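The following exercises concern surface exposure and charge. Please study the sequence and the structure before attempting them.

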Amino acid sequence: MINELTYLNAKWFWPIVIIALLLMVLFIWKDYSSTRKKNRVLKIIVAFLAVLSLSLMALKPATQVKIPASTAIILTDNVDAEKLDSLRSVYPNIKTITYDRNTPLFSQDDRPTSVYILGDGISSFDLWQVEGLVTNYLGEGDISGIIALNYSQKNIKGNHSEISGVYHNPPSGNYLVLEGPGGIGLDSVLLDQKDDQEFKLSTQHKAVGKFLYALAEKDSLGNIRTKDPLPFDIKDRDLLHILMINRFPMFETKYLKNYLAELGHHLVVRSQLTKGKYKYEYLNSNSSYTTRFSQKNLEGYDLLIIDAASLRSLMGDQLNALKAAINQDGLGVYIQADDRFFRSPISWSGFAFKSETSKAIRFTNWPRIPILKQRFQFKDNLLLEPMHQKDSTIYSAYRLSGKGKIGSSVLSNTYQLLLNGHTEVYQRIWTDIVSEISKSKEQFTKWSSENSIAYKDEPFTITLHTNIKTPTLRSSQNLQLPLKGNIDLPRLWNVKTYPKYLGWQSFVLEQDSSEAFNYFVTDSTKWQAMRRYNTILVNKRTLNDQIRSNDQNFKLQPINRIWFYSVFLLSVAYLWLEPKL
Amino acid sequence: MGMGKHILTKFMNRWKLFLGLETICYAFGAAIFIYFLSLNLMYALIAFLGISIVSAFLIKPWQPNLHRTSQYIDHHLQSAEYSTSLFLKPYDRLSDLAKLQQNKIANNIKDELKRIQPPHNFYRSLFITIGFMALGFIAYFFNWSQYFETPNMTPVNQDIVTFQPLDSLDSKSVSPYIVEQSVTINYPNYTGLKTRHSSTMDINAVEGSRVSWHLKFNSDVKEVMMESMGNVYPLKLLKDGYFGSTVLQSSGFYNFKFNDTLGQSYSSIYYAIEVVKDDAPEVEISEIDQFTSFDFDETKTINFRSEITDDYGIDQAYIIATVSKGSGESVKFREEKIDFDTTFPKGNTTAILMKQIDLDHMQMEPGDELYFYVEATDLKQPKPNKARSETYFAAIKDTISYVFGVEGTLGVDRMPDYFRSQRQLIIDTEKLLAEKADLEDAEFKFKSNELGYDQKALRLKYAEFMGEETEEGLVIEEDIEALEADDHDEENLEETDPLAEYTHDHDGDNEHNLVEDPNLTEDSKNPLQEFIHDHEDPESATLFEESLKTKLLKALNEMWDAELYLRLYKPEQSLPYQYRALKHIQDIKNSARIYVHRIGFDPPPIKEDKRLTGKIEDVKGYRKNADLAEKESNLYIRQSIARLEQFIIEGLELNDKDKKLFEFAGNELAVIAIENPGRHLKTLQQLKSLTTVIEISLELLGDVQNGLHQALPENKPSPHQSEVLLDELNQLLLKELENYD
């Protein structure tokens, strides 16, 4: 009896005691009613022993016994046979357990004390099963495939998407092809480096909807080796409301307004003809939009393009209204700078310039066409966000001001690019500027997830930022999903789900059904290289870090009943034989 | 007595019978075999007869006669004792012994004859016959005969229009098919091309041709239509089939569709129509310079040749000539239409025409100019194509003022004034050289020297800009020029005289400063700095940038050499130098020019008189509404791509709305495909089959999506709105940043 004694059937303790007492009483009474007096005490003692052993048999006392140390090998996918054989030669009769996702490895009684893990390792969501054991991860894995992938699943029609990643151990001569809808090849890269090859593929989205692109690896003959899905959720672009205020008509404004109007954006242009007389143009918008500067009027616009002279002439109420619209409503302002603006910028715009000598600039990775500019560049500032820059020289930038942005540029006479036929460059410049500066659309909810692809029967976690106090989430099967809130941040929630169905699924907030989160579920045969790599990484990180613990495991083992039985038998035998002798 | 013979005869008959049966057996077996192979009774009969004849000749069943019979019996029957021949002899002639023998033998063989058989192979033939019959049966069973059949090669007509049923249910009846089809193309009359008949449905014809289709089916059908670019044209049923015709105007695609009597719809594949436009004729003039000029006393005739080509025939060709008299505001124009000297038959595809124009006959005087061009029309109906050549000029030099002809494509003398000085020198030098033969020696030398002096004056003038010292005070021409300079000079009227001289420049027509100073900053408040000519300080006296300075130096050097040769009375040697100097000067002028694009800028309507007066009451602001948004191109194609993706992933069923969508997408694709039919025709057909066929495979959906995606052009970059989540933390952060700012 090393440690304390516990009774396995302890809940029957009192009934057993009562019965034992009753039995004792019965015996004693029987004994006293008999006439023989010889050995009475001895008989009582022996009877007591018998009853005791009987009750102990019923109570089943047990002690804690040390479990002998046992080792096992867990075999996961892609086991290296050599390692297995060498382990088996060291431990001849070692037990092997094969690991299957989402199934228990061992039962409670059967746990080994230390395990060796071979192969790719245990998936991250099953690692809890080997907690508390001494683990040794011996897999290394010979992976050839894409091990890292980075792309943004959501995008807007007409925009470019970039898919970048790392390919580990590329087989020389193979191609990685980005396939679009219908299997059309959009971009490709040749795998010709030795160890890790970084690749970048890009494409432009031409249609709105949910598409399943694919990243296929083809050998030099065109046969497909692997093909993994790349889901994309493409939305249509929103049209902006833009107000343009000019002191005098400018070519730059003329071409810019034509370009924006042709794309469908709603423009209101006011240019001054002479003192007090203005020319108003409403392009794709109705005349109800006024151009008077008041915060309420400016609320309807996403972007204000104004030349520096007009901006300087704003006074008092108008200026305050503009500032309020920027700071509180998020209006974006683009200042068409003139020479005076570069030399002495308007103070509240927050810009500062320094002069330089070059008259034109060519951007890297752009078509080799010189873009005219003024002989100034932006002075860098903590709050300055560059839009166009080359090396460390900033040519177009904006500054955050409250919720809104104020931007400007030293590029000048960009309309000449159009006249010279370089339409693409012109469109690119202005797309960048207008997209960055214009008012951002406020969202109530923001979804994000670690991986854009979910796998069937494996957990998929999503993070939700929302301003709704108590959000309720529904899946595409209209089941309600539990949300786990974050203690520190009241607006942050977590959802974990195990997708059961393949294909496009979605989450919708009951309170705000406008924005749904779409994700794509595929099965575990896809993206094998990446999954293997991640599993190996996780196993390496966590499993070998465990300190060799001295905690021995104990288990309860009941004392063998034969002892009690033999005592009982002997005592009963004596009691029976005693009168005969 | 006759008994023996009788026995023999019986035996012989038996023998013959066996042989006959054998023959027939062979024939029979062969006949059965042939019948089993060919299943044709005729062949079997023929085989029977043939084989029987052949075997009869081989076996010869008629052969056995009594003699042979008896011989045979003698050989084979012991008890005959070789005496059967006795039966053949007449009884009377026999000896007694013979008679005895005869009787004896007759009695012997009567019974024993049954023991022998006549020689025959009947059983063998029977066996062979049965074998052949079995073989024939097996051949029939296993259809070996078809290996021996020559395949009936029906020529597959690729051009035959084949139809696919629109729903793929197994039709119980055989669907109707086309037995006769033809396309007739009637080219327009003026092309002179013969009518073409063809059975291929792809059409390539001139615009304006009339195309007729003729389709004949094997059985009755309810209605036949032609579908093209979204329109449906029914074909008319006439006696001989279905007819339809149209006049071709533009390229496109079409296909046929018909409904049979059971209500089943069938549709064919797409066929292409390519319309070739009738091009305008090409007119060229040769054997004449673009600009010719004549002196008054010359014979003023111009001869030229014009070559006109057209694809289908030229209708007319003539010359349009315009004579201009006078100059300035009193210029008068007179236009005439002149025919060629040579004619050509109307409708020729090429014509080479000559013309000689005598300027005197056109009533032209010195100073007049003639512009002419050749115009040609082709035979196209209803509206012929017209083409014209370049304009050529002929001028009679004016005797009053020396107008030198300018080589070039312009008829108007656009030589700016500022080129005159060096240019004038060149002209004068050339004139001098031309007149050398007429002048006296002394005069020639005098003129050459004068030119040399002019060159020196020019050189010095330029050198002053360089900051080089003047050799002597330069007076003379400069004074006159200075007076003229005041008119030209805008800003520097108040400047001192030295400045006036230097700012007016015959060789340069720019503003007051020739080249803008790149180092000009706002600090240089002294506008005179650019113009003050500081001889003391050579460094600051540079108005030019470095490269221009070297150019001018070069020009000056050339001028030195030119002057040298002129003074040496060798003007022909000085000419090259003068040309080079001119070139350098021109370079300098051009580099300082500023080019401004001509842009169609329409300013707001402002009243001119009010504008100049400064009164603004009548100037009204105005409003303009415009809807410039471009419609999204290829909208239906984009929607189809998205919808197809849904089908592929979710596997839905096509409904009518989708079919309509694909139809519209098909129309859009057809417009794109016209430019590039080879690339998109397959997708077009597949898209059509999506709307018509019921059973659709995933592969087809993927192919169509692929093709549609390829057909779409790249999108223009377009600004979009970004999305931001503004929650409390972000707002706090922004507030903090503002405070920092």
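**Exercise 1.** Is S251(B) buried, partly exposed or exposed?

*Solution.* The model is predicted: local features need pLDDT of at least 70, side-chain atom pairs count only at pLDDT 80 or more, and totals for chains, interfaces and linings use all residues. Residues are numbered from 1 along each chain as its sequence is written, chains are lettered from A and ligands numbered from 1 in the order in which they are written, and side-chain values use heavy atoms, leaving out hydrogens and water.

Step 1. Buried means under 20% relative accessible area, exposed over 50%, and partly exposed in between (1.4 Å probe, protein chains only).

Step 2. S251(B) has a relative accessible area of 23% and is therefore partly exposed.

**Exercise 2.** State which residues S251(B) touches, not counting residues up to four places away in sequence.

*Solution.* Step 1. S251(B) is found in the loop between β9 (241–247) and β10 (252–260) of chain B; strands are DSSP runs (E, at least two residues) and helices likewise (H or I, at least four), numbered from the N terminus.

Step 2. With contact meaning heavy atoms within 4.5 Å, the partners of S251(B) are I273(B), E274(B), V275(B) and I674(B).

**Exercise 3.** Determine how R14(B) and E282(B) are classed by exposure.

*Solution.* Step 1. R14(B) belongs to helix α1 (residues 2–38) of chain B. Its relative accessibility is 31%, so R14(B) counts as partly exposed.

Step 2. E282(B) belongs to strand β13 (residues 282–286) of chain B. With a relative accessible area of 55%, E282(B) is exposed.
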